[in-house]
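Student: I have a structure to look at. Can we go through it step by step?

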Amino acid sequence: MSASLTIVFDNPELLGAVCGPNDRNLDEISLLLDAPVRTRGNVVSFDPPDEESRLLFRTLMDRLSDAASSGESVNGHRIRSELTALETGDDADVQAFRDSVIAVPGGTRKVFPRSRQQATYIRQMSALDLVFSIGPAGTGKTYLAVAHALMELLSRKKRKIVLTRPVVETGESLGFLPGDLTQKLAPYLRPLYDAMEDLSDPDLLQRLRDNGQLEVAPLAYMRGRSLKNCYIVLDEAQNTTVEQMKMFLTRLGEGSRAVVTGDLTQIDLPNRQRSGLVDATRVLKRVEGIGITEFSTQDVVRHPLVRKIIDAYESHE
């Protein structure tokens, strides 16, 4: 093990911003670098297992200090994004990583990518009108799509957000479920709402719903529509049929952008039907102007156990 590394902070406010509430940020760094990080007074110490970890920690703390000095938020999201960028070892890649930030106007915070693939995904959503995002649970597919949609809407680049997904988890028709359409769909669209509520004030979201700028609709209700100047998020797309996917993709109108997310290990279609997401990515993979981001378990950004759980299940299949 390399000798302990200590960093002295002369500014108590800067120390507090870098360490986070109850040293939460240092706990995150300790977990990511697999070595203890401690504070005593105005000194932060790190016991690196090797020289590479020592250099990563030193550079990471410099970057976090610079961010805090500029008034930027230092939290788990920022720490993971900075560390992942540093581990690429490419200054150009680091800058591209930093540029891949979602800032929702009036939102609670900026959203930084937490892996290289997330940075690629954000850049694709900013540059292309149709993006497919494929990968396991916990990789940020839906969260980042919703964040980007809110940014585009509240920046007045799009007039409306449309959230949709196929409803295949129940054998009941939506017509037999209680409430209006929004209430019927609420259980299916809860992950999308959760992401929005994490990014924006609930009162703002209610106003968007009330004035028609935020619409939810089952995929089957999209037939025959032409969506102009909208941001459409199709979630759980692995459960679309080939016909449904083709129908959805041909709804795009002038000025619209669509993000399609799905997990190919969670296909619930009955009677072994072919997934529209599998078919679309095969058919469209060489079409110019369409982006496809593929995540792996290495991109899982939920609780560290989630990645281990996914890997364990995959190794026993």
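Student: This is a predicted model. In which helix does Glu-87 lie?

Tutor: Look for the helix that spans residues 76-88. Glu-87 lies within that helix. The helix is H4.

Student: Is Glu-87 buried, partly exposed or exposed?

Tutor: Exposed means over 50% relative accessible area. Glu-87 has 51% relative accessibility, so the residue counts as exposed.

Student: Which residues form the negative surface patch with Glu-87?

Tutor: Glu-87 is one member of a negative surface patch. The other members are Asp-50, Glu-51 and Glu-52.

Student: How many residues of strand S7 are buried?

Tutor: Strand S7 covers residues 160-165. On one side, Lys-160, Val-162 and Thr-164 are buried. On the other side, Ile-161, Leu-163 and Arg-165 are buried. The count is 6 of 6.

Student: Which residue in S8 stands opposite Leu-163?

Tutor: S7 pairs with strand S8, residues 214-218, in the parallel sense. The pairing has 5 bridges. Opposite Leu-163 in S8 stands Val-216.

Student: And which residue in S9 stands opposite Lys-160?

Tutor: Strand S9, residues 230-234, runs parallel to S7. 5 bridges join these strands. Opposite Lys-160 stands Cys-230.

Student: What is the relative accessible area of Ile-267?

Tutor: Ile-267 is found in the loop between strand S10 and helix H11. Ile-267 also helps make a nonpolar surface patch with Leu-264 and Val-278. Ile-267 is partly exposed, and its relative accessible area is 36%.

Notes:
Residues are numbered from 1 along each chain as its sequence is written. This is a predicted model: local features need pLDDT of at least 70, side-chain atom pairs count only at pLDDT 80 or more; totals for chains, interfaces and linings use all residues. Side-chain values use heavy atoms; hydrogens and water are left out. Patches are made of residues with over 30% relative accessible area and no salt bridge: like charges are joined within 9 Å, nonpolar side chains (Val, Leu, Ile, Met, Phe, Trp, Tyr) within 5 Å. Accessible areas come from the Shrake-Rupley method with a 1.4 Å probe; for residues, only the protein chains shown count as cover. A salt bridge is a side-chain nitrogen of Lys or Arg within 4 Å of a carboxyl oxygen of Asp or Glu. Helices (H or I, at least four residues) and strands (E, at least two) are DSSP runs, numbered from the N terminus. Buried means under 20% relative accessible area, exposed over 50%, partly exposed in between (1.4 Å probe, protein chains only). Two strands pair if DSSP finds at least two bridges between them. Lys and Arg count as positive and Asp and Glu as negative; His and the chain ends are not counted. The place of a charge is taken as NZ of Lys, CZ of Arg, CG of Asp or CD of Glu.
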